[in-house]
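Please look over the sequence and the model below before reading on. The paragraphs that follow lead from an open site on the surface to the helices and then to individual residues.

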Amino acid sequence: MGKTTKILLVILFTLLSKSYSDIDVNQYQQFWYWAGTKYQPILKDAKVVYLHRGQIDGYKGKSYFKPQSGQGVIVSDQQFWLVFRNHTLEWDESIYREIDRQLAEWKKKGGNVIGIQIDYDVPTQKLAGYIQFLKKLRAWLPEEYQLSITGLLDWSRYANPENLVQLGDVIDELVIQTYQKRNTIPNYGDYLKNMEKMPFSFKVGIAQRSDWVNPEYLEKMQGFSGYVVFLQNE
């Protein structure tokens, strides 16, 4: 077999192995709409939209809020989560005021906001400290709003069971992310099989335009409550 033939076979195999498992967004009803992502028509039919509203950074003991938002027309009667990408657990009062301002702004416009989501990649070994932060946030958040967080696949395998119980007492929703740098983690199934030990309901986050197959066992788990698709540009 010549060198050119081998190259062509490799290319053909790559195309065939990738195309069949790409995510079809029309099969899902919940989406993350991130800053910098182009508007997609599927958002009109979405039941739930997780809308990226800002990023919180920390530097030398101070925290800073950077406003961010997806663009495009969103149906007003949809359910929304206002999502805040977080890089620090030390929030200044200005962060709370900004989130409160945004909640009030959406309420004034008639937007159906059910709560806020904190997107924070906390390592499993630091989960206890994160829970303390979430307790403070939950105590501050008005009772009419729910608290959602994203989580890492590692939690399903290595998290302390006591920490998971405490986490369930604080949050209203957990969305486990199965992707890294916008690509599906290859061995995601090895982790998701452990999700049945979660003492609360959960959703699974998947990335658009990445290789993915819905595990049959996942939808049979009592705590599983759906998928959230992270929309991406081509």
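What volume does the largest pocket have? In this model, which is predicted rather than determined by experiment, the largest pocket has a volume of about 470 Å³. Its lining is made up of 18 residues, and those that lie nearest the centre of the pocket are D121, Q177, Y179, Q180 and K181. Sorted by class, the lining of the largest pocket has seven nonpolar, five polar and six charged residues.

The enclosed space can be described in the same way. The structure holds one cavity of 30 Å³ or more, and the volume of the largest cavity is about 30 Å³. Around the largest cavity stand W32, W34, V83, Q117, D119, T150, Q177, Y179 and F230, a lining that divides into five nonpolar, three polar and one charged residue. Q177 and Y179 appear both among the residues nearest the centre of the largest pocket and in the lining of the largest cavity.

One of the residues nearest the centre of the largest pocket, K181, leads on to the backbone. K181 lies in the loop between strand 8 (179-180) and strand 9 (183-184), and its phi is near 55 degrees, a positive value in a residue other than glycine. R182 lies in the loop between strand 8 and strand 9 as well, and R182 also has a positive phi, of about 70 degrees, although it is not a glycine. Such values stand out because most residues other than glycine have a negative phi. As for accessibility, K181 is exposed, with a relative accessible area of 78%, while R182, at 38%, counts as partly exposed.

From the loop we can step back to the whole chain. The chain contains six helices and 11 strands, and buried residues make up 48% of its 234 residues. Of the contacts between residues at least 6 apart in sequence, 74% join residues at least 24 apart.

Helix 2 can be followed from its length to its two sides. Helix 2 has 17 residues and reaches 25 Å from its first C-alpha to its last, close to the 24 Å expected at 1.5 Å a residue. Which residues of helix 2 are buried? They are I95, Y96, E98, I99, Q102, L103 and W106, and because these residues cover an arc of only 165 degrees around the axis, they are on the same side of helix 2. The spacing can be read against a general rule: an α-helix has 3.6 residues a turn, so residues three or four places apart point the same way. On the other side of helix 2, E93, R97, K107 and K108 are exposed. The cover over the buried residues of helix 2 includes strand 2, strand 3 (62-67), strand 4, strand 5 and helix 3. Just after helix 2, G110 takes a positive phi of about 85 degrees.

Within helix 2, E98 deserves a separate look. E98 has a relative accessible area of 18%, and since buried means under 20%, E98 is counted as buried. The C-alpha atom of E98 is separated by 7.9 Å from that of F65, although the two residues are 33 residues apart along the chain.

Helix 3, which is part of what covers the buried residues of helix 2, can be treated in the same manner. Its 14 residues (127-140) should span 20 Å at 1.5 Å a residue, and the end C-alpha atoms of helix 3 are 20 Å apart, which agrees. Buried in helix 3 are L127, Y130, I131, F133, L134 and L137; they cover an arc of only 165 degrees around the axis, and therefore they are on the same side of helix 3. What covers these buried residues of helix 3 includes strand 4 (79-86), helix 2 (93-109), strand 5 (112-119), strand 6 (146-152), helix 4 (154-158) and helix 5 (161-170).

A last stop is a buried residue in a loop. T37 lies between strand 1 (30-33) and strand 2 (48-59), in the loop that joins them, and T37 is buried, with a relative accessible area of 5%. What is T37 in contact with, leaving aside its neighbours within four places in sequence? T37 is in contact with L231, Q232 and N233.

Key
Residues are numbered from 1 along each chain as its sequence is written. This is a predicted model: local features need pLDDT of at least 70, side-chain atom pairs count only at pLDDT 80 or more; totals for chains, interfaces and linings use all residues. Side-chain values use heavy atoms; hydrogens and water are left out. On a 1 Å grid over the protein atoms alone, a cavity is a set of points where a 1.4 Å probe fits but cannot get out, and a pocket is an open set with protein on both sides within 12 Å along at least five of seven lines; lining residues have an atom within 4 Å of a point. Grid points are joined across faces, edges and corners, and a volume is the space filled by probe spheres set on the points. Ala, Val, Leu, Ile, Met, Phe, Trp, Tyr, Cys and Pro count as nonpolar, Asp, Glu, Lys and Arg as charged, and the others, Gly among them, as polar. Helices (H or I, at least four residues) and strands (E, at least two) are DSSP runs, numbered from the N terminus. The expected span of a helix is 1.5 Å times one less than its number of residues. Buried means under 20% relative accessible area, exposed over 50%, partly exposed in between (1.4 Å probe, protein chains only). The arc is that of the directions from the helix axis to the C-beta atoms. Contact means heavy atoms within 4.5 Å.
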